Amino acid sequence: MSRLLAAALTVVAAAALAVGAALGIVGLLDRTPDQPNTPLITYEQAGQGS
């Protein structure tokens, strides 16, 4: 019975650690500022007829 209890506690601890890590990553991503969406290359527009 003690092995079953140890296995269950290990599963619960691993799940809690995974959820905590996921929430931490989401929190870090929310805190970083958004980058401007500026293109690296711009093309000049040619005339509409060609």
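**Figure 1. Leu40 in the segment after helix 1 (2-31).** Leu40 follows helix 1, which spans 2-31. The model shown is predicted. Leu40 has 87% relative accessibility, so this residue counts as exposed; the cut-off for exposed is over 50%.

**Figure 2. A nonpolar surface patch of Leu40, Ile41 and Tyr43.** Three residues make up this view: Leu40, Ile41 and Tyr43. Together they offer about 470 Å² of accessible area. Leu40, one of the patch members, lies in the segment after helix 1.

**Figure 3. The chain with its one helix and zero strands.** Secondary structure amounts to one helix. Strands number zero. The radius of gyration is 25 Å, whereas a compact globule of 50 residues would have one near 10 Å. Along the principal axes, the C-alpha atoms fill a box of roughly 80 × 25 × 15 Å.

**Figure 4. Surface of the chain, with 0% of its residues buried.** Of the 50 residues in the chain, 0% are buried. The exposed surface comes to about 5200 Å². Carbon and sulfur atoms supply 67% of that area.

Terms used. Residues are numbered from 1 along each chain as its sequence is written. This is a predicted model: local features need pLDDT of at least 70, side-chain atom pairs count only at pLDDT 80 or more; totals for chains, interfaces and linings use all residues. Side-chain values use heavy atoms; hydrogens and water are left out. Helices (H or I, at least four residues) and strands (E, at least two) are DSSP runs, numbered from the N terminus. The radius of gyration is taken over C-alpha atoms; the globule rule is 2.2 Å times the number of residues to the power 0.38. Buried means under 20% relative accessible area, exposed over 50%, partly exposed in between (1.4 Å probe, protein chains only). Accessible areas come from the Shrake-Rupley method with a 1.4 Å probe; for residues, only the protein chains shown count as cover. Patches are made of residues with over 30% relative accessible area and no salt bridge: like charges are joined within 9 Å, nonpolar side chains (Val, Leu, Ile, Met, Phe, Trp, Tyr) within 5 Å. A salt bridge is a side-chain nitrogen of Lys or Arg within 4 Å of a carboxyl oxygen of Asp or Glu.
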